[in-house]
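Work through these exercises with the model open. Try each task before reading its solution.

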Amino acid sequence: MTLSHRATVGIAEQSVVGTGVNPTILVPHTSFSLSENNEQLRDSGRRGPDSMDFRAVQGIGWSEISIEGNVQTHLNTGMPVGVFARNILASGGAYTVTQIPTASGVYNHDRVLGTTKEYITLEHGALGGANDRRAIGCRVSELTFRYNAAEGFVNYAATLTGRKTSLVTLTSLSGQVTNPEDPFRSWQAELVVNGVANFARLISAEWTLSRNVTRLYTGDNSQDFADIYLGPLEVTCSLVFDYTVVTDIAMFRAKTQGSLLTSFTFGTEGVSDRRGFEIGGILFDFGDGPAEIDASGDNMTLALTARGLYSTGNSPITGNPATIAQNGPIHIRTKETQAAAY
């Protein structure tokens with residue numbers, strides 16, 4: 001019997017699409033799936049008998065991966081969701097790391113939209129021996145963050161596409177079983193909506209970063225794609241408010257555009273136990289979808305959808321450094337002990 005709760009997932013950044021690397025970060029996860037795909041090529045040439053198909057061979061191959069888990073920092077190895085965020089944002093040179101003053105060993109990792117094409121190696125351990133799976137050349141096409149102030153942890157879900165899966169002897173990351181620190185709790189949210197700080201009516205939010213993915217196959221006698229491209233970044237945020245005033249629905253009616261920010265932090269400001277996860281942008285349109293008032297529960301709620309728009313202005317996420325030129329629709333910051341970009 002193979003028990004799913006014993007499975008492991010490890011990831012690492014790789015710089016060349018066809019050159020995998022040994023994973024360096026253990027990924028605690030609540031859900032995982034890896035779909036191995038081989039295009040089916042069928043010989044359906046008519047030749048007398050009442051048969052549709054006569055031969056079948058393999059065409060191109062690829063992997064599709066979905067993983068979900070809690071947003072949490074990982075001591076000095078870097079947090080998994082930071083790797084996924086860097087990948088979908090193509091941060092590269094746009095990724096900065098700055099030590100927080102007076103907080104020895106704590107750093108701000110700032111990720112904004114860049115143009116650096118990077119990849120991920122992912123290993124899934126289940127059977128042991130040389131029978132575990134590795135997918136290389138992966139890129140993230142969708143990354144979602146969810147929280148509800150009344151429920152549990154802040155969660156993420158990532159979707160990746162990679163090359164054909166190969167069998168490997170798993171890279172052991174058992175020493176990291178105790179590396180993950182406390183996940184961020186949903187009630188820790190601090191909010192800015194349309195520039196209003198300490199916003200108190202927002203119940204839940206779901207941020208979605210997505211890019212179209214294109215697998216490029218060329219005539220090089222290989223089932224694997226030669227490269228993988230991502231389309232332009234789309235950012236939306238689904239918001240649910242406590243419907244007690246008309247202020248929030250007025251944003252929809254006026255097609256208001258302003259800043260949107262969600263911050264989760266714990267520990268003491270300025271000391272080594274400080275941890276944080278922040279996501280936001282300076283220019284969001286609050287009229288991207290219908291305004292829906294739900295009266296099915298004891299309290300009425302209002303649902304709006306905001307869309308991130310390109311801006312070269314300074315991000316609403318402040319601190320050290322005081323300002324970050326957003327140069328895109330989104331900015332993601334983590335406060336953690338990892339000293340280098342990852």
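## Exercise 1: Aromatic pairs

This predicted model holds nine aromatic pairs.

**Task.** Classify the pair formed by Phe199 and Phe241 from its ring geometry.

**Solution.**
- Step 1. Take the distance: the ring centres of Phe199 and Phe241 are 5.9 Å apart. The cut-off for a pair is within 6.5 Å.
- Step 2. Take the angle: the planes stand at 75°. Over 60 degrees counts as edge-to-face, so the Phe199 and Phe241 pair is edge-to-face.
- Step 3. Place the rings. Phe199 sits in the loop between strand 12 (196–197) and strand 13 (202–210). Phe241 belongs to strand 16 (residues 234–242). The two are 42 residues apart, and their pair links distant parts of the chain.
- Step 4. Check burial, for which the cut-off is under 20% relative accessible area. Phe199 has 10% relative accessibility, so Phe199 counts as buried. Phe241 has a relative accessible area of 0% and is buried too.

**Task.** Which parts of the chain does the pair of Trp207 and Phe284 tie together?

**Solution.**
- Step 1. Start with the geometry: Trp207 and Phe284 are 5.6 Å centre to centre, with 85° between the planes, an edge-to-face pair.
- Step 2. Locate both residues: Trp207 lies in strand 13, Phe284 in strand 18 (residues 275–285). The pair therefore ties together parts that are 77 residues apart in sequence.
- Step 3. Add burial: both Trp207 and Phe284 are buried.

## Exercise 2: Strand 9 and its partners

**Task.** Which strands pair with strand 9 (residues 151–162), and in what sense?

**Solution.**
- Step 1. Strand 4 (residues 55–70) pairs with strand 9 in the antiparallel sense, over eight bridges. Asn70 has Asn155 of strand 9 as its bridge partner.
- Step 2. Strand 8 (residues 132–148) is also antiparallel to strand 9, over eight bridges. Here Thr144 has Ala157 as its bridge partner in strand 9.
- Step 3. Trace the connection: a hairpin through two residues joins strand 8 to strand 9.

## Exercise 3: The largest pocket

**Task.** Describe the largest pocket by volume, lining and residue class.

**Solution.**
- Step 1. The volume is about 270 Å³.
- Step 2. The lining has 19 residues; closest to the centre are Glu190, Leu261, Ser263, Thr265 and Glu278.
- Step 3. Strand 11 (189–193) and strand 17 (257–266) are the elements that give two or more residues to this lining. Strand 11 gives the most, with four residues.
- Step 4. Sorted by class, the lining has seven nonpolar, seven polar and five charged residues.

Notes: Residues numbered from 1 in each chain as written. Predicted model: local features only at pLDDT ≥ 70, side-chain atom pairs only at ≥ 80, totals over all residues. Heavy atoms only, no water. Pairing = 2+ DSSP bridges. 1 Å grid on protein atoms, 1.4 Å probe; cavity = no way out; pocket = protein on both sides within 12 Å on 5 of 7 lines; lining within 4 Å. Points joined across faces, edges and corners; volume = space filled by probe spheres on them. Nonpolar A, V, L, I, M, F, W, Y, C, P; charged D, E, K, R; others polar. Phe/Tyr/Trp six-rings, centres within 6.5 Å; stacked < 30°, edge-to-face > 60°. Buried < 20%, exposed > 50% of the residue type's maximum accessible area, 1.4 Å probe, protein only.
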